[in-house]
Amino acid sequence: DAQLAADMPYNPTKALEYGDAAWVPHEGDTETPTSPLATASTSTETVASPKVGAGQPDLGDNPLDGPLDRVRVDDTGRMLTTNQAVRVADNQNSLKAGLRGPTLMEDFILREKITHFDHERIPERVVHARGSAAHGYFESYGDQSAITRAALFSATGKRTPVFVRFSTVAGERGSADTVRDVRGFAVKFYTEDGNWDLVGNNIPVFFIQEAMKFPDLIHAVKPEPHHGMPQASSAHDTFWDFASLSPEIVHMLLWHTSDRAIPRSYRMMQGFGVHTFRLVNAHGTSVFCKFHWSPMAGTHALVWDEAVRLVAADPDYHRRDLWEAIDSGQFPQWELGLQVFSEAQAARFPFDILDPTKLVPEALVPLRTVGKLVLNRNPDNFFAETEQVAFCAAHVVPGIDFTNDPLLQGRLHSYVDTQISRLGGANFHEIPINSPVAPIHNNQRDGMHRQQINRGRVNYEPNSLAGGCPFQAGVRGFVSVPEASHGNEVRGKPELFADHYSQARLFWISQTTVEQDHIVQAFRFELTRVQTPAVRKRVLAALVNVDNGLAARVAASLGMDVPDPLPPATSRPPYQYPPSPPLSLFHRPGNVGVATRRVALLVAPGVDGPQTRKLYAALLDLGAAPRLVGDQIGKIAASDDAPLDVEISIEAGPSALFDAVIVPDYPEGECALSRDARALEFLKLQFRHLKPMLAVGSGAVLLRAAHVPDKLPDGQPDPGVIVADSCDLADALARFVAVLARHRVYARDTDPPRV
Ligand code: HDE
């Protein structure tokens, strides 16, 4: 304590928080509180916040620690106070005129508490309301000063702190994580030259080409205004009505119906800046750039039926996954890739780089990997950090600039505007999570909730009374790329924007068979929920322009004929792109093996104890998350003398929560679970959701009872249904782990499912 006290920066305006004064018990307190010094805030976060996950993050030298520590509060050993720091003697009873009498207006403690509670909620984000976030850093792999003067790319190994928020778009704040939707991927870099927000999505293109259409798109996809349904779903008439009348959306619809829209985890999806940006070097020379985040864990998806079940099993599935991965020290990582190209190159592309419904195929411009993003610390407080963080597409730093993409231009206005109503005024940049680590000096003053105490009499420029300060930075500041502008004021778009189908077709032909099947099934699901036949027909008419086979399959699944194609918006013939393998989800399997994969070991009394422990330990060693799942939690007798502790019941931990299952051996005969419908359903769903399954010895009885086939539809053995003897456990486990590292057995997939 003495050492802590000596190390602690003393704040004279809060003298009562230091030394003996802080822990003199209030009259009537019987327990002696522990020394406040043990928990008081210091400048190193690891000491200040015992809430840091068990992962023991490697915080390094993080310039965010100081500013955020200043506002972190730990209550251990403290007395309860009001917001005016008056100690509260009784937090159970309001002040009354007699024990059975009316509550008194005088009770300022009650009124303060209730009043604060009454105002605890702020408006949710108008889109991307549902999200989860984490702290981390970006590490540069090299010096990119030839193409950009952005400070974060200036040297090998340079680290810049970040806060990253992932989100769904359509659902409200309390909606489920695993719905079919685009995911937001918003990164705030706290650079030494100010904050840069790369506010992207997990899909590289967008629904519309114009900011002007954004409110219409969002109104159409959100719950219908008369009855407020459906929640967090695009599968309803108004979305598809809008879509069927907006052919520019078709490329995005193919991504939206693909498995990209149901990621397995935030950690297993790509991120994209979507728009074309500019990078600018110290000489003012600029190049175009597309930003790509590629997950080290690979790109992996749920299957639709599983995603639907997860809505019930765990609506926080992605939030929990992110939290637990960081908490356990398995820090999520992505590499940042740039597609850098010149104006001359762009002029030769068969699409307009200002059109956000188009991507730049990697065959045209390969990715240049420039650094990695590591998320290594969970927030301390969801509201203060994740909810109050305010991203803005207009937050750029010297070295990064915009293009004339009309969607991007609209975004430059929208984000600050929306924060003003969401966060209650123009000073939201002072909320700790939004504050840059670089200093702020300007003549902006006042406004609601102002924190900064600007000194001096001068709040204008030019001035002589303050020696002209703060002064303009000139070339050391942000200088917009000078771009010649020509043409009349006009509402319209370039001709190439009207090629709505060539890249939709590119995406379609770049998908594997199973991915194409899932796209057809997703169209079937969404359009089956659409009640208006004319809307379905218009969607089909647009799909004919993408691919006849796609349109025919979707039409057949809806019991409809293939209509005539929608007349294209341009007379230019469609551009015939060759397939682009990186557009397939399977192109990036990742390099983390089975780390963080959740594996259920189905256990009941009589299970082979030593074997179960061995399997469990082997999985833990590989970084996986094994769990003993049984018919109830608590101790069960195993084959040896040592009981096993079941961690979760099938009821509370259904199949959808696990990436794979193992049924260990039952040496003394049959396992009671083979008569338990919940266990058999668990196994059927593991099979149906294409998950690896390993049964050892008589554990195989359970697979048979669940009618799990061991052959693929083509008659070949299913590599993910592994039945092994106890004696070749090591080999069986190795096969199981190899399949699990590839995520799913897609060769098993049939429509309808076989079990
Ligand atoms: Fe956003 N978007 N957006 N958006 N967006 C918002 O800002 C908007 C678009 C994206 O985790 C809002 O702070 C317009 C594209 C993410 O806090 C709002 C247009 C992309 C997030 C807004 C777009 C995005 C938002 C709502 C068309 C991918 C969540 C709350 C012109 C590149 C950030 C807020 C977070 C949030 C407006 C289109 C990504 C209303 C007008 C394209 C990841 O300002």
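Isoleucine 431 is partly exposed in this predicted model, because 19 other C-beta atoms lie within 10 Å of its own, whereas 20 or more are needed for a residue to count as buried. Isoleucine 431 sits in the loop between H12 and H13. Beyond its neighbours within four places in sequence, isoleucine 431 is in contact with Gln388 and Leu423. The chain also brings glutamate 385 into the picture: this residue is 46 residues away from isoleucine 431 along the chain, and the two C-alpha atoms are separated by 9.0 Å.

Tyrosine 501 is likewise placed in the loop between H12 and H13. Is tyrosine 501 buried or exposed? Tyrosine 501 counts as buried, since 24 C-beta neighbours fall inside 10 Å. Its contacts, leaving aside neighbours within four places in sequence, are Val250, Asn545, Val546, Pro568 and Pro574. Threonine 612 offers a contrasting view along the chain: tyrosine 501 and threonine 612 are 111 residues apart in sequence, and their C-alpha atoms are 54 Å apart in space.

One of the contacts of tyrosine 501, Val250, leads on to a pair of packed helices. Helix H7 (residues 250-257) packs with helix H13 (residues 502-509) at an angle of about 25 degrees, and the axes are 7 Å apart. H7 is therefore roughly parallel to H13, as angles under 35 degrees count as roughly parallel. From H7, the contact draws on Val250, His251, Leu254 and Trp255, and from H13 on Gln503, Ala504, Phe507 and Trp508. Sorted by class, the residues of this H7 and H13 contact are six nonpolar and two polar, with no charged residue.

A second pair runs the other way. Helix H15 (residues 533-544) and helix H16 (residues 548-557) have axes 7 Å apart and pack at an angle of about 155 degrees. H15 is therefore roughly antiparallel to H16. H15 contributes Leu540, Leu543 and Val544 to the contact, while H16 contributes Asn548, Leu550, Ala551, Val554 and Ala555. Seven nonpolar residues and one polar residue make up the contact of H15 with H16, and no charged residue takes part.

Helix H5 (residues 214-221) and helix H6 (residues 237-244) form a further pair, with axes that come within 6 Å and cross at roughly 145 degrees. Here Asp216, Leu217, Ala220 and Val221 of H5 meet Thr238, Phe239, Asp241 and Phe242 of H6. The contact of H5 with H6 includes two charged residues, alongside five nonpolar and one polar.

Attention now turns to the ligand. Which residues come nearest to the ligand? Among the 26 residues around the ligand, the nearest are Arg125, His128, Gly184, Ala211 and Val274. Strand E2 (159-168), strand E3 (183-191), strand E4 (194-201) and helix H12 (406-422) are the elements that give two or more residues to this shell. H12 supplies the largest share, seven residues. By class, the shell around the ligand holds 13 nonpolar, ten polar and three charged residues.

Histidine 128, one of the residues nearest the ligand, also has a notable backbone. Its phi is near 60 degrees, a positive value in a residue other than glycine. Histidine 128 lies in the loop between helix H4 (108-118) and strand E1 (131-140), and it counts as buried because 22 C-beta neighbours are inside 10 Å. Leucine 690 also has a positive phi, of about 65 degrees, although it is not a glycine. Leucine 690 is in the loop between helix H18 (677-688) and strand E17 (693-696), and with 19 other C-beta atoms within 10 Å it is partly exposed.

Two cis peptide bonds can also be described. The bond from glutamate 461 to proline 462 is cis, with omega near 5 degrees, and proline 462 lies in the loop between H12 and H13. The bond from aspartate 751 to proline 752 is cis as well, with omega near 0 degrees, and proline 752 lies in the segment after H20. For context, most residues other than glycine have a negative phi, and most peptide bonds are trans.

Finally, the largest nonpolar core has 173 residues, and those with the most contacts inside it are Leu601, Leu602, Met693 and Leu702. Helix H20 (residues 729-741) provides the largest share of this core, seven residues. Beyond neighbours within four places in sequence, methionine 693 is in contact with Ala660, Val661, Gln686, Phe687, Leu703, Val708, Gly720, Val721 and Ile722.

How values were computed
Residues numbered from 1 in each chain as written. Predicted model: local features only at pLDDT ≥ 70, side-chain atom pairs only at ≥ 80, totals over all residues. Near = placed C-beta within 6 Å. Helix = DSSP H or I, 4+ residues; strand = E, 2+ residues; numbered from the N terminus. Nonpolar A, V, L, I, M, F, W, Y, C, P; charged D, E, K, R; others polar. Axes fitted to C-alpha atoms, helices over the stretch in contact; angles between N-to-C directions. Parallel < 35°, antiparallel > 145°, perpendicular 65-115°, else oblique. Contact = placed C-beta atoms within 7 Å. Core = buried A, V, L, I, M, F, W, Y, C linked by C-beta atoms within 7 Å. Buried ≥ 20, exposed ≤ 12 C-beta atoms within 10 Å, placed from the backbone.
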